[in-house]
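Here is a friendly briefing to read alongside the coordinates. Please have the viewer open as you go through the points below.

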Amino acid sequence: MKPIVVSAALAGLTLGAAQAQTMPAEITEPVTITWYNYNLASAGNGADATRHLIDLFEAAHPNIHVEGVPVPPQNITTRVQADLVAGQQVDLVQVTFNALGFAAEALGAHALEDIVPAAELAANFEGMVQNGLDLGRIDGRTYALAYTFSTPVLYYNADIFRQVGLDPENPPQTWAQIAEAGRVIRDHSDHIPLASGMFGPSAGDWLMQGVLRSNNGGVINADRTAMTFADPASLEAVQMLRDLAQEGILVNLDVTSQLESMAAGNAAMYLQTSAVQGYLIRGAEGNYDLRATTMPGFGDLRPRPNNSGSGLAIFSQDPARQRAAWELMKFVTSNEGYTIITRDIGYLPLRMAVVESPEYLAGWVSEHPLLQPNLQQLSYLEPWTPMPGPNYVQIATTMMDAIEMAVFGDNDDVAGILTAAQTQTQGLLP
Amino acid sequence: MTDTALQAPARPVAFRLRFGTGWQRPLGHGLMILLSLLSVFPIYWMILTSLRPENEILSTRIWPDAATLDNYAYALSAIPMLRMLVNTFVVSAVVTAIQILTGILAGYGFSRWRFRGASLLMGAVALTWLVPLQVVMIPNYLLVARLGMIDTLGALILPHTASAFAILLLVQAMRSFPSEVYEAARMDGANHAHILWHIVVPNLRGTIASLAILVFISTWNEYFWPLLLTRSAQNSVVQIGLQMFITAEGTQWGPLMAASTLASLPILAIYLVLQRQVIASFMKSGLR
């Protein structure tokens, strides 16, 4: 569907939002809200935990019924788009952060500041990690609360490290150290030195954003008006990745094969979202010693990890349903909610009390050392910047295709490839 | 005529295999065995993976050290697998029946009646075959939403009640039906309904069976339309169920392969029971 058609169709909704009444203080009559959720579209822990959250919420709020709408993450914006145009009820949506700009600017997601009383909003934000709150903000307004999110972690196979004479107690902390360790692994074993989740159709651009930023580069400027992935600092980071690929350290496989290589014990190092931790643990169990450390940096620069995952955004037009959606949002991002999300699905909590208080997961966290790098990075986490406008997917895809070609292609002209793609994507900005 | 044409190349192959001299015969057999093994291997790997325990799921050994049915138990409990299989069967069977019915009626009309604009209409039907599903998905979705049919099996069936493929195939088959038979029936006083249901259709059983198999398999494998339409696993189909084991946090290969094995069984049964017709249907219609 053409964005202009959607925009026109949604114009009424947006106008309606501006004129919407204030949400009531409480729900006194029975109300049903929809929750577009991608965990419900999976089988296993994510769906079970989500259903558990809904059950607990409905028990605590007998007047609110939640209808879960399962949609795979890659289809969530198109589904919401179609449902809004079809006049379906869309209340709360689990939006992947790359689509947050589109959700806010084209689909009519509400800024919480517009619909929630200021005092109530401030009270709810107390105890939340400031960096985590920023993940759902655009131009200072909160369109989503981080719900299931994670950070990039360098997993490594300690058995392979020992086998080639590397010290698993001192894993690489910089890209230079990764290159050094990678050469040793390459020369003394048959294992893949370094796998990653940076490239491939389903990889998105989130991890690349963090890598480029860690060299003080970036993919787009702060006000999202100019692409910057061909600027010198970014270029240097991409060139470094190409050097790793040329040396046979960074492997060129599709994103799923890289994950499975690590899970099967065939890769020595693996840079990827902490969300895959459960999968890797299941693969490593009884097979090898899986460990994790923080995302690598460039030289003396502090790494600047960002997040993958999703936030929750409210689309309801009706004040009562806005209140019900806000109550659900508050519940799942409460200490109790994040406890379930962290323990049962494997994502990060936005409230540190969850991992620090014995009442919640302090004991559990101490038993799960792989979580530590993830928690450590929370204090300096940065947002996954969404590309602006209706072409956000095309911009990210074009950019990532160019970077992948620059890293793994036959052409040594990295600057030329990136500059051409930057010019092309600049033309796609609104 | 078509059947004769189809059988024609089979004879020389059989002839050569039977009477091939010396090295040709074992070579031919060896090649066929090799191709058969290559064809069967993905199915074998699917079943093998479905029987592996979780910590061996990424193993490349061609035989599991310890087989388990845990993945089947998990697949059946994690998603409403049996319900999805029933839904898929119902949708596939109904779509097949309706497409055959509309195809027969339209095929008879186009092949037997001359009316103004027939060629134009036929061209329009043929053109719809060229429109990708993705183009009409959203308009269809809006229509289904207005009819209040979202998340129903009826909505999975509704857009597939007629297909250009079925109509064109049956028009072609009916046009090649001997005109003398039509004329004789008319002279005996038979009306169009009688001719269609008592003379044409019984004589086109082979073509209709082939078409039914193709439509059934195609509907069974449908993914995008159910993905857009269904809001609950209970009202969904098995292809959506399979996708539920593939997540951003990693693919659950064991349950996915167990569910895929279960989902393949009905289609496998069709192949086993109607092997000859299935092969003939693909040859008659080309590989869709």
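In this predicted model, the buried residues of helix H15 of chain A pack against helix H2 (45-60), strand S6 (145-150), helix H14 (319-332) and helix H16 (353-356) of chain A. Two of these partners, H2(A) and S6(A), come up again with the sheet of chain A, and the two chains also touch each other, with 23 residues from chain B and 31 residues from chain A in the contact.

**Helix H15 of chain A**
- H15(A) spans residues 335-345, and its buried residues are A:Gly337, A:Tyr338, A:Thr339, A:Ile340, A:Ile341, A:Thr342 and A:Ile345.
- Step just past the end of H15(A) and you meet A:Gly346, whose phi is positive at about 105 degrees.

**The sheet of chain A**
- Five strands of chain A make up an open sheet with mixed pairing, in the order S2-S1-S3-S11-S6.
- At its edges lie S2 (64-70) and S6 of chain A, each of which pairs on one side only.
- On average, and ignoring direction, neighbouring strands of this sheet are turned by 20 degrees against each other.
- H2(A) packs on the sheet, where it touches S1 and S2 of chain A, and its direction makes about 165 degrees with that of S2(A).
- Within the sheet, S1 (residues 31-37) and S3 (residues 92-96) of chain A are parallel partners, joined over 2 bridges.
- If you would like a spot to zoom in on, A:Trp35 stands opposite A:Leu92 in S3(A).

**Chain B: fold and domains**
- Chain B contains 16 helices and 2 strands.
- Its length is 288 residues, of which 30% count as buried.
- Taking contacts in chain B between residues at least 6 apart in sequence, 74% join residues at least 24 apart.
- The domain assignment divides chain B into domain 1 (10-68) and domain 2 (71-285).
- The centres of domain 1 and domain 2 of chain B, taken over C-alpha atoms, are 31 Å apart.
- Where the domains of chain B meet, domain 1 contributes 7 residues and domain 2 contributes 8 residues.
- On the domain 1 side of that contact in chain B, there are 3 nonpolar, 2 polar and 2 charged residues.

**Where chain B meets chain A**
- Which elements of chain B each supply at least two residues of the side that touches chain A? They are helix H7 (133-146), helix H13 (224-229) and strand S2 (250-251) of chain B.
- H7(B) gives the most to this side of chain B, with 4 residues.
- By class, the side of chain B that touches chain A holds 14 nonpolar, 6 polar and 3 charged residues.

Note on methods:
Residues numbered from 1 in each chain as written. Chains lettered and ligands numbered in written order. Predicted model: local features only at pLDDT ≥ 70, side-chain atom pairs only at ≥ 80, totals over all residues. Domains from an automatic or database assignment. Nonpolar A, V, L, I, M, F, W, Y, C, P; charged D, E, K, R; others polar. Buried ≥ 20, exposed ≤ 12 C-beta atoms within 10 Å, placed from the backbone. Pairing = 2+ DSSP bridges. Axes fitted to C-alpha atoms, helices over the stretch in contact; angles between N-to-C directions.
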